[in-house]
Amino acid sequence: MSKVLFLGPVGTYSHQAVIQQFPDEELIPAASIPECFERLVSSTEMDYAVVPLENSTNGQVVFTYDLFRDFMELDQNPRLEVVGEQYVDIAHCLISPVKLSVDQLKNVDVVYSHPQVWGQVKDYLTSFDKKYGKTSKIDCSSTSGAVERCLNEYEASGKITLAIGSRVSASLHKGTIVDSDINDIKGNTTRFLVLKRRDGFNKIASQSLPPNGDETKVNFVTFVINQDNPGSLISVLNVLREQDLNMCSISSRPFHNHTQSERKWQYCFFIEFYDKSDIDYELLIESFDQHCERWIHWGRFYRNALYYQIS
Ligand SMILES: O=C(O)C(=O)Cc1ccccc1
């Protein structure tokens, strides 16, 4: 049986993603996204990890992007590869420890959740604060961890706070749902990546989980360029055009080159592009070597059919 790390505790959206991917394996809750990366790389006991990457409402889960960046910066041969992806519909609920009257709601001054949530319920919380009074938003390591903290605080001190998480997290932690489906944008979906320890290093990560009906494969690459060379980013993207490779995502995160740490406004780029049967990977490696200060090919994995879900 494989051991699979996920952002816990049980009831997180990551928990749902890992159940979708590995319904019959041993699921191991981690306290944070960095812990998922670190335990997978450092412990031969662990086989996979499932981490949130981006959300359809408010984009990057920056903690995960920054971990890919840092692993690339610290280790030219990071022992990790991306072998799959999952998609989870996000349906946030406002959760309390007990059933609350309107007056009790007016006395609540704290709401707990994962930082990624605030951008997904901004309008909802603005109108909530107008109706019931200003609340402080407190970050927790996960949505279900936020619900757990809300219930534990009530048990320990009787203080009534609120949390935002899934309906499952309310059930598992015996919370009460005050309001449901509170996302500002319907069809809110989070994309997760499935990580595997990379045994030995090859410039092109080759393993992937079996296809799920969609035979399209996606390549995931991070790179940094010499930003003082005009056209350096175009030169890298031209590598894809020259081989008629279709890019399906591009994003960036701040990058602090360890040799120029005092320099600001440098970027690490993240691109994904679709596979083709006739990719000349030797040429791709040569071109990335030529135009990038450093780069890592994290994986070639099958596109999950849920990617195409329209709402
Ligand atoms: O905290 C969770 O439930 C997670 O899995 C991270 C997350 C948080 C908010 C939306 C999607 C995933």
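**How the ligand is held**

Tutor: In this predicted model, a polar backbone atom of Y13 lies 2.8 Å from an oxygen atom of the ligand.

Student: What makes the pair at Y13 a polar contact?

Tutor: The cut-off for a pair of N or O atoms is 3.5 Å, and the 2.8 Å at Y13 falls within it, so the pair counts as a polar contact. The side chain of S14 also places a polar atom 2.6 Å from a ligand oxygen, and for T143 an N or O atom of the side chain is 2.5 Å from an oxygen atom of the ligand.

Student: How much of the ligand does the protein bury?

Tutor: The ligand taken alone exposes 320 Å², and the protein buries 100% of that. The space that the ligand takes is the largest cavity, and the elements giving two or more residues to the shell around it are helix 1 (13-21) and helix 5 (115-118).

Student: How do you know that the ligand lies between the domains?

Tutor: Domain 1 (3-89 + 188-308) and domain 2 (93-180) both contribute residues to the shell, and therefore the ligand lies between them. By class, this shell has four nonpolar and eight polar residues, but no charged ones.

Student: Why is the peptide bond from G8 to P9 called cis?

Tutor: Omega for the bond from G8 to P9 is near 5°, and the bond is cis, whereas most peptide bonds are trans. P9 itself is in the loop between strand 1 (3-7) and helix 1.

Notes. Residues numbered from 1 in each chain as written. Predicted model: local features only at pLDDT ≥ 70, side-chain atom pairs only at ≥ 80, totals over all residues. Heavy atoms only, no water. Polar contact = N/O pair within 3.5 Å; in protein donor to acceptor, adjacent residues only side chain to side chain. Areas by Shrake-Rupley, 256 points an atom, 1.4 Å probe, with all protein chains shown as cover. 1 Å grid on protein atoms, 1.4 Å probe; cavity = no way out; pocket = protein on both sides within 12 Å on 5 of 7 lines; lining within 4 Å. Sits in = over half its atoms within 2 Å of the grid points. Helix = DSSP H or I, 4+ residues; strand = E, 2+ residues; numbered from the N terminus. Nonpolar A, V, L, I, M, F, W, Y, C, P; charged D, E, K, R; others polar. Domains from an automatic or database assignment.
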